[in-house]
Amino acid sequence: MTSIQPHKFSGIFNVVEDNRYWLSTRSLVPNQSVYGERIVKSDDGDYRIWTPRRSKLAAAIQKGMKEMPIQPGSRVLYLGASTGTTVSHVSDIVGPTGIVYAVEFSPRVARGLLRLSETRSNIVPIVEDARHPDRYAAFVAGTIDVVYQDVAQPDQARILYENLKSFCTYGAWGVLAIKARSVDSTSKVDDVYRQESALLSQYGIEVQETVRLDPLEKDHAMAVCRVSEALK
Ligand SMILES: C[S@@+](CC[C@H](N)C(=O)[O-])C[C@H]1O[C@@H](n2cnc3c(N)ncnc32)[C@H](O)[C@@H]1O
């Protein structure tokens, strides 16, 4: 027996089978499996199983993230889009009234993202370097509610700051996947998370929660942050 239940976060669902819960999003596009994920059919559409082992955002939700800034209607700037695995679920969540500007700097990797965007009108693919928001500012219309970043770069805090400064105003959200080993390969991971939070705070970005993703993603955490002052 399979049933679909709304998750506590809007736009996300639990597929319930034999007392087991699977995160999922309702697909914007019928009969579309983006990366081989299972589709569960229901009277009101297709639900795509969202596996925490394949997506750090799903892992953060599974690990008890308290606040989910990405919601139906959100305008999202997604940095480090890769082939579009997590982007596709974000596209489902924001739905037809939201938009996902998806930035990926590797042209080879971005091929999958470009194909995905041909099937989903709420994804705008941008093949550019997230370190240089000025290079893609012309493609981003209006302000952004949430910058989601998963680039695994040592200067990830500065990249988030530069993008929030370019596209967002006071109260906007940042969701940052911190790969401790990309920032510092020798320090203890908790020290790296504290160090990154302190750095973001110096930029005027307040970290509201840091969710450790182990064992789903080793030495990773998801930081949920908010622009707490006018960024200079
Ligand atoms: C860990 S993967 C992202 C996985 C993806 N977020 C997902 O969950 O489906 C990191 C991606 O960031 C891209 N990347 C790294 N540095 C970047 C930069 N400076 N600008 C844009 N993309 C970058 C890499 O090419 C890679 O595809």
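Contact means heavy atoms within 4.5 Å. This is a predicted model, in which local features need pLDDT of at least 70, side-chain atom pairs count only at pLDDT 80 or more, and totals for chains, interfaces and linings use all residues. Residues are numbered from 1 along each chain as its sequence is written, and side-chain values use heavy atoms, with hydrogens and water left out.

**Exercise 1. Place Ala 59 and list its contacts beyond four places in sequence.**

Step 1. Find the element. Ala 59 belongs to helix α1, residues 56-62. Helices are DSSP runs (H or I, at least four residues), numbered from the N terminus.

Step 2. Check exposure. Ala 59 is buried because its relative accessibility is 0%. The cut-offs are under 20% relative accessible area for buried, over 50% for exposed, and partly exposed in between (1.4 Å probe, protein chains only).

Step 3. List the partners. With neighbours within four places set aside, Ala 59 contacts Pro 52, Leu 213 and Leu 216.

Step 4. Look along the chain. Ala 221 is 162 residues away from Ala 59, yet their C-alpha atoms are 9.6 Å apart.

**Exercise 2. Describe the surroundings of the ligand.**

Step 1. Name the residues. There are 16 around the ligand, and Tyr 78, Thr 86, Glu 104, Ala 130 and Gln 153 come nearest. A residue counts as near if one of its heavy atoms lies within 4 Å.

Step 2. Read the polar distances. The side chain of Tyr 78 has an N or O atom 2.6 Å from a ligand nitrogen. For Thr 86, a side-chain N or O atom is 2.6 Å from a ligand oxygen. In Gln 153, a polar side-chain atom lies 2.8 Å from a ligand nitrogen.

Step 3. Assess the cover. The ligand alone exposes 610 Å², and the protein buries 84% of that. These areas come from the Shrake-Rupley method with a 1.4 Å probe.

**Exercise 3. Compare Thr 86 and Asp 92 in helix α2.**

Step 1. Locate them. Helix α2 spans residues 85-94 and holds Asp 92. Thr 86 is also in helix α2.

Step 2. Check exposure. Thr 86 counts as buried because its relative accessibility is 7%. Asp 92 is buried too, at 8%.

Step 3. Find the side-chain partners. Thr 86 makes a polar contact with the side chain of Ser 55 at 2.9 Å. Asp 92 pairs with the side chain of Thr 25 at 2.7 Å. A polar contact is a pair of N or O atoms within 3.5 Å; within protein, one must be able to donate a hydrogen and the other to accept it, and residues adjacent in sequence count only if both atoms are side-chain atoms.

Notes:
Helix = DSSP H or I, 4+ residues; strand = E, 2+ residues; numbered from the N terminus.
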